[in-house]
Amino acid sequence: MLLDAVEERFGPEIGLSDVGVDAYWNVDLRTSFEVSADPAPGIDVGQSSDDIAELRALLRRAADDVPVLWHDLQHLAGALRLLAYLDLPVTGADES
């Protein structure tokens with residue numbers, strides 16, 4: 001349902017060069033679930049272009065190649081976050 005809504009909103013393909021963003025703040029996976037510790041050391045920069053490249057490589061892997069879930073799912077999450085970002089209301093609009 002959600003991906004159908006994305007396709008309806010943005011079309012069947014989204015060109016990364018058209019979205020105007022690539023780099024984003026990323027919280028290391030372990031850090032993101034250790035909320036009692038200072039998160040600053042676990043914050044780095046991710047790239048949407050890298051996430052998409054990794055997902056494309058995943059699709060080309062041999063059928064018997066076992067995915068590395070912690071790694072591959074983070075790239076999927078990065079791509080999904082980009083889609084969510086693209087749908088954010090315009091700054092100043094109601095963001096609830």
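**Helix packing around α5 and the setting of α4**

In this predicted model, helix α1 (residues 2-10) packs against α5 at an angle of about 50°, and the two axes lie 11 Å apart. An angle of that value makes α1 oblique to α5. The crossing in which α1 passes α5 is left-handed. On the α1 side, the contact is made by L3, V6, R9 and F10, and these meet L80, L83 and L86 of α5.

Helix α5 also has α4 as a packing partner, and here the axes come within 9 Å and cross at roughly 125°. This arrangement, too, makes α4 oblique to α5, since the oblique class takes in angles that are neither 65 to 115 degrees nor over 145. The handedness of the α4 and α5 crossing is left-handed. A good number of side chains can be looked up at this contact: α4 contributes S48, D50, D51, I52, E54, L55 and L58, while α5 offers H71, D72, H75, L76, G78, A79 and L82.

It is worth pausing on α4 itself. This helix covers residues 48-60, and its 13 residues should span 18 Å at 1.5 Å a residue; the end C-alpha atoms are 19 Å apart, which agrees with that expectation. The buried residues of α4 are S48, D51 and L55. Viewed down the helix axis, these buried residues fall within an arc of 60°, so they line one face of α4. Each of S48, D51 and L55 also appears in the list of α4 residues that meet α5. Helix α5 (69-86) is one of the elements covering the buried residues of α4, and the cover also includes α2 (16-19), β1 (23-27) and β2 (43-47). On the face turned away from the buried side, α4 carries the exposed residues R56 and R60.

A smaller detail concerns helix α3, which runs over residues 29-33 and contains T31. With a relative accessibility of 17%, T31 counts as buried, because the cut-off for that class is under 20%. Once the neighbours within four places in sequence are left aside, T31 is in contact with P39 and G42.

How values were computed: Residues numbered from 1 in each chain as written. Predicted model: local features only at pLDDT ≥ 70, side-chain atom pairs only at ≥ 80, totals over all residues. Heavy atoms only, no water. Helix = DSSP H or I, 4+ residues; strand = E, 2+ residues; numbered from the N terminus. Expected span 1.5 Å × (residues − 1). Buried < 20%, exposed > 50% of the residue type's maximum accessible area, 1.4 Å probe, protein only. Arc of directions from axis to C-beta. Contact = heavy atoms within 4.5 Å. Axes fitted to C-alpha atoms, helices over the stretch in contact; angles between N-to-C directions. Parallel < 35°, antiparallel > 145°, perpendicular 65-115°, else oblique. Left-handed = near helix turned anticlockwise from the far one by under 90°.
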